[in-house]
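Please open the model in a viewer and keep the sequence panel at hand. The tour below proceeds from one selection to the next.

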Amino acid sequence: MAGLNVDAGDAHRAVRQFADRLVETVPVDGLYVGGSLATGDHRPWCSDLDLVALIPTPLDRRVTGLVRRLHGSVPTELRLGCTYVPREEAADVAVPHPTWSHGQFFRRPLTAVARADLLRHGLVVQGPPAARLIPSVDDAQLRAGVVDELRGYWSQVVGRRSFWLRDEHVDLALLTMARARITLTSGELLTKSEALERLADLGVQPDLVEEIRRRRAGESVDVGWGRRLRRAREARRLTSRAMTRMLETPTSA
């Protein structure tokens, strides 16, 4: 696991500044950044900053309030979030942990997919390499984690018609399906940019692939209401079909 280059851009500096303030607020055994920033696929206009903090004990109410205020002081456009995992719960992928994301605290597990990403690609912000604090994830556990996410979150949102009207949801769903398909067949964890090149394998039409590509390049893409409705139906159909195939034959999707 590589060390964090604090001079590599605004996102890296934001993470470093957040880390410096966090360790003054709560004891931290290890702080790591995964996702697009760790893989070099970060796009400031659409990518989140995904942090994981390993802490010695669960956050109590007072400390949670302090951490909430700390997160509230970070500019929202940085999209910086963090999951707080007590050391004693680090081995359990099912236990939900306090997580700050998109302006609020809620609880969610540190999934097998997130763990694998962190162990393979994550950057150390504070503490030892993540592998010393987070148990390893083998290929079978990773595939099971992908299936769990398909059966859980994605099975829920595929039925929400309003979900598919938003640009970012269409992009996320289709890129996630492309990534999941490769992980189930080969155990690889693709970046979103790599997944973009696999969208045709899902049946995504070239015009929609280009639309997603332009948004990921930071361009403003004007989508009329009629096109938005048609795109919503198509993206929902493709996602549902991809999920069905992957869940029927998860290791040969």
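Begin by selecting strand E1, residues 30–34, in this predicted model. Five of its five residues are buried, so the strand is largely enclosed by the rest of the structure. Display the side chains and note the two directions: Gly 30, Tyr 32 and Gly 34 point one way from E1, whereas Leu 31 and Val 33 point the other way. Residues on both sides are buried, that is, under 20% relative accessible area.

Next, add the strands that pair with E1. Which strand pairs with E1 over five bridges? Select residues 49–55: this is strand E2, and its pairing with E1 is antiparallel. To find the register, centre on Tyr 32, whose bridge partner in E2 is Val 52. Then select strand E6, residues 123–126, which also pairs with E1 in the antiparallel sense, over three bridges. Here Leu 31 of E1 is the residue to centre on; Gln 126 in E6 stands opposite.

Now zoom out to the whole protein chain and colour by secondary structure. The chain contains nine helices and six strands. Its radius of gyration is 18 Å, close to the 18 Å that the globule rule gives for 253 residues, so the chain is as compact as a globular protein of that length. Viewed along the principal axes, the C-alpha atoms fill a box of roughly 50 × 40 × 30 Å. Of the 253 residues, 46% count as buried. If contacts between residues at least 6 apart in sequence are considered, 65% of them join residues at least 24 apart.

Switch to a surface representation. The accessible surface comes to about 12700 Å², and carbon and sulfur atoms account for 48% of it. Colouring by charge brings up 37 positive and 32 negative side chains, with the centres of the two sets 5 Å apart.

Finally, return to the backbone and visit two loop residues. Select Arg 79, in the loop between helix H3 (61–72) and strand E3 (80–86). Although Arg 79 is not a glycine, its phi is positive, at about 55°. Is this residue, Arg 79, buried or partly exposed? With a relative accessible area of 33%, Arg 79 is partly exposed.

The last stop is His 102, in the loop between strand E4 (96–101) and strand E5 (104–109). His 102 is likewise not a glycine and has a positive phi, of about 50°. The relative accessible area of His 102 is 60%; exposed means over 50%, so His 102 counts as exposed.

Note on methods. Residues are numbered from 1 along each chain as its sequence is written. This is a predicted model: local features need pLDDT of at least 70, side-chain atom pairs count only at pLDDT 80 or more; totals for chains, interfaces and linings use all residues. Side-chain values use heavy atoms; hydrogens and water are left out. Buried means under 20% relative accessible area, exposed over 50%, partly exposed in between (1.4 Å probe, protein chains only). Helices (H or I, at least four residues) and strands (E, at least two) are DSSP runs, numbered from the N terminus. Two strands pair if DSSP finds at least two bridges between them. The radius of gyration is taken over C-alpha atoms; the globule rule is 2.2 Å times the number of residues to the power 0.38. Contact means heavy atoms within 4.5 Å. Accessible areas come from the Shrake-Rupley method with a 1.4 Å probe; for residues, only the protein chains shown count as cover. Lys and Arg count as positive and Asp and Glu as negative; His and the chain ends are not counted. The place of a charge is taken as NZ of Lys, CZ of Arg, CG of Asp or CD of Glu.
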